[in-house]
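Me: Could you walk me through reading a few features of a protein model? I would like the general rule each time, then the case at hand.

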Amino acid sequence: MLRSWLGVHPWRLALGLIALATLGSVFLGRAWVSRTLTISTATPDVLESPTPLGMLMPVVAAAGIAVGCTGPRVRLPEPTRVRVGRLAWVAALTATACVALLVTRAAPGAVVRGVLILTALALIPVVLRLPMVAWVPPVVYLMASVYFGGQSGGRWAWWAQAFNPDAEPQDVIVAAGIWAAVAGAYALRPPVARF
Amino acid sequence: MNAVHRYALRTLYGPWFALPTLGLDIALAFTKGMPYLGEDKFTVKWMAASMWILATVAAAGAATDAARLSKPGSIHLSQLANHRRSVYLWSAAWTAIPIVLAHSLVIGVALLAGGVYSPRNGWPAVVIAVVAQGVVVCWFAALGSAIGRHLPVLIAGIAAALPTGILLLSLPSFYPSVLHFEVFGDIGAGGSQLGTGWDTVVLCFQIILLISTAAALVLPRPRQVRGRLALSARGVMVSAAALALLACCAIAISADDDTLVVVAPDRCDQGSPEVCHFHEHSRLISEVTAYVSELDAAAREQGYSALEFERYSERTYTSTSMAGGGVIEFDPLDPDGLDRWMFVQGLLAPVWCTDDEMIPDEYFGQMDRLTLTWIRLADPSFQPGNPEINPVPLTPDEVSRVLSDFKRCELGSA
């Protein structure tokens, strides 16, 4: 059964993107911790934003998870166990990405929160059956957060928390709630892909 | 809108990416109290802060459409004899041009909203600078098309966005130590651009360089092998040569699109004292004039003759400072409104002294007391933000001694 599930889901592309994000995290790992390599270095003074470049990697991982959740291009039967299977599948991919990005052991709370929120955003186009633009919500959200979410003295606006390098346990719980809502929608609605 | 437009909007994703970038551009235009309003060059450079956003979205959008044209079932479109080159160019242009038009529109509206009808640098320079920004977006759309056409549709977008974002965010760190020519143009500016102009020759060179290398990325003729697009040796060589040329230019050529221009404040309010400023900053000046009159009146009433100045002038933004000899300078561009402490300190700072001298610690204590003295003349209840400042005001004699020391650049001599 697992073989036929894997056969209709592009898991190789998903794992490829998650691996790419992991490589990026390892490469940027030291800068992530020391926060020396930030987006500020590339933006003019007034828009200074203290986002470490390592915080961009959950965006790539989230796009990977969404790609892996792309369904077959034809409508298949939808018994309950298929819906449960879809929920388990997105949970497994998300868990894989979290574990992979935690390999650097840097900012674990922020990584998990980032992956959860960004995955929820990337899944929205998949639920809407437009999986090839799954990258758009995380990328646009990243850009908006970097420029307009984190400027007042190192603090982050409530809506831009996915890129804050500091995280409290309750932030992760909120992020898990957001993830669960979108993942639930994904489980209930068959994601027939239109290319 | 004709049939071609409708067809493109229906079949391509590219044109729709102009909507999120337009939103981000408008948000950028409204941030931080819009200090750029009224200045031509500052407006164009302020909006350049969104270049990495536009370029990343253009690359990813063009990659998505190029990948859709290359997938089984559509690849024959790129293989029709008379379409081979143009179909990828067509789809990349449909991503880049709407983004460029939206960005140019925001810049145009921002210029008009600031009342820039006859720009200081002239309309041709402004237009060339905006075109230079647009060409950068087109270049990254070409790069995205070159990457995306060889990738599966699902990952083409993020696979093009990642290198573009990382490249544009990390390149400025290498300038000017390794790179001497910003081939991808400005990354924005946070302060007034008066005193600088554009070097249009450099901008035109940049435009030509980017257009020619973008053509080398987007135009190589694709080849089909067993239903898939194959890399052709010639195409890879042409693209690699284009990227190498760009890298060589960035490293070997030393060029800056900024030139220094001598400017002077051109509007004066004939009051007592006289306050002069640049016409670009007229909207900011009433608050300054009111506070300056208050300071001046307080100094005259309480006998601080050293603090009576003939003329207050906006700083000239160049090395040709006019300060000294009865003229003192101010900077009206504060995003949070007039900060009295910073403003008065700016008025009294001896900007004519060269920076390379060692500034003794005593200077800062003197400066703080001097600033506090003048602010308290106008507002006796003023409390400085830093509680360590000596709260005893200076006498008129002490003030004139400190100011004459400043005039001779003997900073911190007790």
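The dialogue below takes up disulfides, burial and a helix.

Reply: A word on conventions: this is a predicted model, where local features need pLDDT of at least 70, side-chain atom pairs count only at pLDDT 80 or more, and totals for chains, interfaces and linings use all residues. Residues are numbered from 1 along each chain as its sequence is written, chains are lettered from A and ligands numbered from 1 in the order in which they are written, and side-chain values use heavy atoms, without hydrogens and water.

Me: Which cysteines form a disulfide here?

Reply: A disulfide is a pair of cysteine sulfur atoms within 2.5 Å. B:C268 and B:C276 fit, with sulfur atoms 1.9 Å apart, and the count over all chains is one. The torsion about their S-S bond is about 105°, so the disulfide is right-handed.

Me: Is B:C276 buried or exposed?

Reply: Buried means under 20% relative accessible area, exposed over 50%, and partly exposed in between (1.4 Å probe, protein chains only). B:C276 is buried because its relative accessibility is 1%, while B:C268, at 33%, is partly exposed.

Me: Why is A:C98 not bonded to A:C69?

Reply: The sulfur of A:C69 is the closest cysteine sulfur to that of A:C98, but at 13 Å it is too far for a bond. A:C98 is buried, at 11% relative accessibility.

Me: How many residues of α7(B) are buried?

Reply: Helices are DSSP runs (H or I, at least four residues), numbered from the N terminus. In α7(B), 13 of the 18 residues are buried, so this helix is largely enclosed by the rest of the structure.

Notes. Helices (H or I, at least four residues) and strands (E, at least two) are DSSP runs, numbered from the N terminus.
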